[in-house]
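Let's take a walk through this fold together. Have the model open beside you and follow along.

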Amino acid sequence: MIKVLIADDQELIRQSLQIVLNTKEEITVTDAVADGQAVITSIRRQRPDVILMDVRMPKMDGVQCTKIIKDQYPDIKIIILTTFDDDEYVYNALKYGASGYLLKGISMDQLENAIRTVYSGKAMINPDIATKVLKLFSQMAQADYVISVGNKDAEQLSRTEWKIIAQVATGAANKEIAEAVKLSEGTVRNYLSGILNKLNLRDRTQLAIWAIQTNAAQYAQEEYGEK
């Protein structure tokens, strides 16, 4: 059973999401709260697996709340759910460890899929802002948000893993990566899990930032003749 916490300052949205999600198989809503402080309190009572987090809430906004939660409860997955596709919010939410960023206009089926996706350990980014997110990865890589990986860890990577990392740096989805490296999506997922373990990285977001910082695409091309 996937336990979901809803955080939104609009009562109608909270109630609607709670009603619909409780009808979904193997999903249960543990609580529905109106601000970031209430999120922290609710987590202590009954720890959820996934949080649907609005950005603009009173007392504590969703981005600040995300930072606090990921510091204290790194296993909890957070989907930022908002009507605002604001650069600063996208940047900070991903920087602090959000697993997904979706606009409220998506369908309930898409939202359900997003919940199941992040619960399984993957990232979920709304297609409408995927290009913006990739640009933000580049900004983060060039700014003060540095992802450190030990040289010995990087030396463990195989040719195929470098090829996959180069694709991640372009913002490619698993299906696109699979087509590029001529592997199945399942095999790509397994490779990605292994890469994260080898590099001691938390998630795909950190891998993408590190890949941009290290110019992985150029390295893969020079070492293995791959674009």
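One bit of vocabulary before we start: when the angle between two directions falls from 65 to 115 degrees, the pair counts as roughly perpendicular. Keep in mind too that this is a predicted model.

Now, on to the helices. Two packed helices are described by the angle between their axes and the distance between the axes. Take helix α1 (residues 11-21) and helix α5 (residues 108-119). They pack at an angle of about 75 degrees, and their axes are 11 Å apart. That angle sits in the range just given, so α1 and α5 are roughly perpendicular to each other. Which residues make the contact? From α1 come L17, V20 and L21, while α5 brings M108, L111 and I115. By class, that contact has six nonpolar residues, with no polar and no charged ones.

Further along the chain, helix α9 (residues 174-181) packs with helix α10 (residues 185-199). Here the angle is about 100 degrees and the axes lie 9 Å apart, so α9 and α10 are roughly perpendicular to each other as well. On the α9 side you'll find N174, K175, I177, A178 and V181, and they meet E185, V188, R189 and L192 of α10. This contact is a mix: five nonpolar residues, one polar and three charged.

Next, the sheet. It is an open one, built from six strands that run in the order β2-β1-β3-β4-β5-β6, with parallel pairing. Which strands sit at the edges? Those are β2 (27-33) and β6 (124-125), each of which pairs on one side only. Strand β2 pairs with β1 in the parallel sense over six bridges. If you'd like one position to click on, try K3, whose bridge partner in β2 is T28. Helix α1 packs on this sheet, where it touches β1, β2, β3 and β4 (77-82). The direction of α1 makes about 165 degrees with that of β2.

Last stop: empty space inside the protein. Rolling a probe the size of a water molecule over the atoms shows where empty space is left. How many cavities of 30 Å³ or more turn up? The count comes to one, and the largest cavity has a volume of about 30 Å³. Its lining is made up of I6, A7, D8, L17, L52, M53, D54, L81 and K104. You've already met L17, one of the α1 residues in the contact with α5. Strands β1 (2-7) and β3 (50-53) each supply at least two residues of this lining. Sorted by class, the lining has six nonpolar residues, no polar ones and three charged.

Methods. Residues numbered from 1 in each chain as written. Predicted model: local features only at pLDDT ≥ 70, side-chain atom pairs only at ≥ 80, totals over all residues. Heavy atoms only, no water. 1 Å grid on protein atoms, 1.4 Å probe; cavity = no way out; pocket = protein on both sides within 12 Å on 5 of 7 lines; lining within 4 Å. Points joined across faces, edges and corners; volume = space filled by probe spheres on them. Helix = DSSP H or I, 4+ residues; strand = E, 2+ residues; numbered from the N terminus. Nonpolar A, V, L, I, M, F, W, Y, C, P; charged D, E, K, R; others polar. Pairing = 2+ DSSP bridges. Contact = heavy atoms within 4.5 Å. Axes fitted to C-alpha atoms, helices over the stretch in contact; angles between N-to-C directions. Parallel < 35°, antiparallel > 145°, perpendicular 65-115°, else oblique.
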